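Let's go through this one by asking what each label rests on. Have a look at the model first.

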Amino acid sequence: MKDSNKDKLDKTDLGFETLAIRCGHPHTNEQEHSEPIFPTSSFTFASAREAAARFGGDEPGNIYSRFTNPTVRNFEQRLAALEGAERCVATASGMAAIMSSFYALLQSGDHIVCSRSVFGTTVVMLEKFFNKFGVQTTFIDFTDNDEWKKAIRPETRLLFLESPSNPLSQVADLSYLAGLAHDNDALLVVDNCFCTPALQQPLKLGADVIIHSATKYLDGQGRCMGGAVLANEEIGEEVFGFLRSAGPAMSPFNAWVFLKGLETLSLRMQAHSNSALTLARWLKTQDMIEHVYYSGLEDHPQHQLAKSQQSAFGGVVSFRVKGNQAAAWRFIDATRMVSITANLGDAKTTITHPGTTTHGRLTDEEKKVSGITENLIRVSVGLENIDDIKTDMGRGIAAL
Ligand SMILES: *Cc1c(COP(=O)(O)O)cnc(C)c1O
């Protein structure tokens, strides 16, 4: 890598949008303008002595892409700058990020307090797999500060949540929960997938660990799977230690795609948020829509809290139609432009029926406490013209 004037730019004073474009961009001797990509599984050494020094940890440098890779490192540097983290560890998927941080931070006998409104697979991982190794989890209503307090035990090591939540756009008070975690010698882990650092920076609110599914907004165009764990140097090193042994590392190609995705993150999150707010307000005026869930709406019970810790409200809007499951399905089937898929965070608007897809594994009782009613629809508002999105939703309403 060439040591050019560009590499000497002091990155600490740059704004978010600039860091998203300029941070983590090495310049090789080829003077390429776009970020280089290093699709290589292993690296060579100048001599046997150098190989021994790298393996022994006496000299820095790449060995093998399960441990480190330059393109992956560039993605890590860029995302760390955006979240204000000392360390970022990239992973093969969002679930690999959650798994790696749990493995690194927990041991048998530990306890987790977890929001009931987290990604469904997170619940499966905790209940089915971590439980098997003696790690117990208590699931609670994450909007109720007292429930967190009551669920904490002497062996509680982590508080885990997503804010805003999927699909109901509920919000937790991150500063309060960081204080509560620290008073009890526990760590606050926040899955920041729905806001991304463009809208919310949990470490600055006191959280200890941030989880990302890069698959969603960080890529933003539904192309690649990836994830990341962000934390201080000490926690980051623990997570990295697990990852290099266990193996769910990010591929260099995916890291390169995410680097390009981050360049437009701020613009995209603003556009997703603006269109989502417009759509949410419009849906509220429709007679056949029973209720709209979006923390950007002034009458959302946690609107003020969301406003105090987020700079906008994100792209996910959920709503209940008047009628039963058949009505919700009729709505979805009547759309012509938006994609029927469970994925979110894409330039393309997506629509899904949580009760029979993303949250289909929940029992009736669990659905009831989580507010996943049979007439609930979730839309991840994309970047198409908002009038076209509204027209398509109008087709759904007409079918009710
Ligand atoms: C998608 C998602 C995950 C899991 O990420 P993958 O990249 O699919 O493994 C975790 N948390 C949230 C909030 C998600 O939306």
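**Helix crossing and ligand site**

Q: What makes the crossing of H11 and H15 right-handed or left-handed?
A: H11 passes H15 in a right-handed crossing. A crossing gets that name because the near helix is turned clockwise from the far one by less than a right angle, and anticlockwise would make it left-handed. Helices here are DSSP runs (H or I, at least four residues), numbered from the N terminus.

This is a predicted model, where local features need pLDDT of at least 70, side-chain atom pairs need 80 or more, and totals for chains, interfaces and linings use all residues. Residues are numbered from 1 along each chain, and side-chain values use heavy atoms, without hydrogens and water.

Q: How do you know that H11 and H15 meet, and which residues are involved?
A: Contact means heavy atoms within 4.5 Å. Residues of H11 including Trp 282 and Leu 283 meet residues of H15, among them Met 393 and Ile 397.

Q: What makes Asp 191 a polar contact of the ligand?
A: A polar contact is a pair of N or O atoms within 3.5 Å; within protein, one must be able to donate a hydrogen and the other to accept it, and residues adjacent in sequence count only if both atoms are side-chain atoms. A polar side-chain atom of Asp 191 is 2.6 Å from a ligand nitrogen, so the pair fits the cut-off. Ser 213 also brings a polar side-chain atom, 2.8 Å from a ligand oxygen.

Q: Why is the peptide bond between Ser 163 and Pro 164 called cis?
A: Its omega is about 0°.

Conventions. Helices (H or I, at least four residues) and strands (E, at least two) are DSSP runs, numbered from the N terminus.
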